[in-house]
Amino acid sequence: MRIKLDRTLCDGFGVCAKHAPRYFSLDDWGYAVLVGDGDIPEADRDAVLRALMDCPVHAIMEYSERRPDDPPPPRGDLADPDPAEHLKVDSNEAEWGFTR
Ligand code: SF4
């Protein structure tokens, strides 16, 4: 996991430093400072993810793990060769359920 902190968004609530004190400290005015280079080991992922999700102003962001040379992720809508097969119509009502 790789994160960055946008200090221009930080409002100094201090939630991140509470959840993941190894990666966030607060400056003299209470604003967050990222400790380290943003690389988070798997063992600390949960604590940092909690800090990320609890930040009230979304100042903590996770970098994508994708690299430019990676193949594009599969798209669910294109993976299905014929989505019309799954339409809910009268003829296949027994398959999709009768819930009245
Ligand atoms: S939780 Fe968000 S707003 Fe609060 S100190 Fe950390 S980065 Fe700033």
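A residue counts as exposed when its relative accessible area is over 50%. In this predicted model, H58 meets that cut-off: its relative accessibility is 55%, and therefore H58 counts as exposed. The residue lies in the loop between helix 2 and strand 4. Its backbone also deserves a look, as the phi angle of H58 is near 55°, a positive value in a residue other than glycine. For context, most residues other than glycine have a negative phi.

From this loop it is convenient to turn to the ligand. The ligand sits in the largest cavity. Around the ligand are L5, C10, D11, G12, F13, G14, V15, C16, A32, C55, V57 and A59. By character, this shell divides into 9 nonpolar residues, 2 polar ones and 1 charged one.

The nonpolar interior comes next. The largest nonpolar core comprises 18 residues, and those with the most contacts inside it are M1, I3, F24, V48 and I60. Strand 1 (3-5), helix 1 (15-19) and helix 2 (45-54) each contribute at least two residues to this core. Helix 2 provides the largest share, with 4 residues. A good guide to the surroundings of F24 is its list of partners: leaving aside neighbours within four places in sequence, F24 is in contact with I3, C16, A17, V33, L34, V35, V48, A51 and I60. Two of these partners, I3 and I60, are themselves among the core residues with the most contacts, as is V48.

Helix 1 also holds H19. With a relative accessibility of 15%, H19 falls under the 20% limit and so counts as buried. Beyond residues up to four places away in sequence, H19 touches A47, R50, A51 and D54. A51 is thus a shared partner, being listed among the contacts of both F24 and H19.

The strands offer a further set of partly exposed positions. K4 is placed in strand 1, and K4 counts as partly exposed because its relative accessible area is 37%. Neighbours within four places aside, the contacts of K4 are L34, A59, I60, M61 and Y63; among them, A59 also belongs to the residues around the ligand. Along the chain, K4 and A17 are 13 residues apart, while their C-alpha atoms are 14 Å apart in space.

V33 belongs to strand 3 (residues 32-34). At 27% relative accessibility, V33 is likewise assigned to the partly exposed class. When residues up to four places away in sequence are not counted, V33 touches L5, R7, Y23, F24, S25 and D27. The contact with F24 links V33 to a residue of the nonpolar core, and L5 is one of the residues around the ligand. The separation between V33 and P73 is 33 Å from C-alpha to C-alpha, with their positions 40 residues apart in sequence numbering.

E62 is found in strand 4, and its relative accessibility of 37% places E62 in the partly exposed class. Its contacts, again leaving aside neighbours within four places in sequence, are M1, R2, I3, R45, L49 and L52. M1 and I3 in this list are also among the core residues with the most contacts. The C-alpha atoms of E62 and A51 are separated by 11 Å, and these two residues are 11 residues apart along the chain.

Beyond strand 4, P71 lies in the loop between strand 4 (60-62) and helix 3 (76-79). P71 is exposed, with a relative accessible area of 63%. P71 and D82 are 11 residues apart in sequence, and the distance between their C-alpha atoms is 23 Å.

Definitions and conventions
Residues are numbered from 1 along each chain as its sequence is written. This is a predicted model: local features need pLDDT of at least 70, side-chain atom pairs count only at pLDDT 80 or more; totals for chains, interfaces and linings use all residues. Side-chain values use heavy atoms; hydrogens and water are left out. A residue is near a molecule or strand if one of its heavy atoms lies within 4 Å of it. On a 1 Å grid over the protein atoms alone, a cavity is a set of points where a 1.4 Å probe fits but cannot get out, and a pocket is an open set with protein on both sides within 12 Å along at least five of seven lines; lining residues have an atom within 4 Å of a point. A molecule sits in a cavity or pocket if more than half of its atoms lie within 2 Å of its grid points. Ala, Val, Leu, Ile, Met, Phe, Trp, Tyr, Cys and Pro count as nonpolar, Asp, Glu, Lys and Arg as charged, and the others, Gly among them, as polar. A nonpolar core is a set of buried Ala, Val, Leu, Ile, Met, Phe, Trp, Tyr and Cys residues joined through side-chain atoms within 4.5 Å. Buried means under 20% relative accessible area, exposed over 50%, partly exposed in between (1.4 Å probe, protein chains only). Contact means heavy atoms within 4.5 Å.
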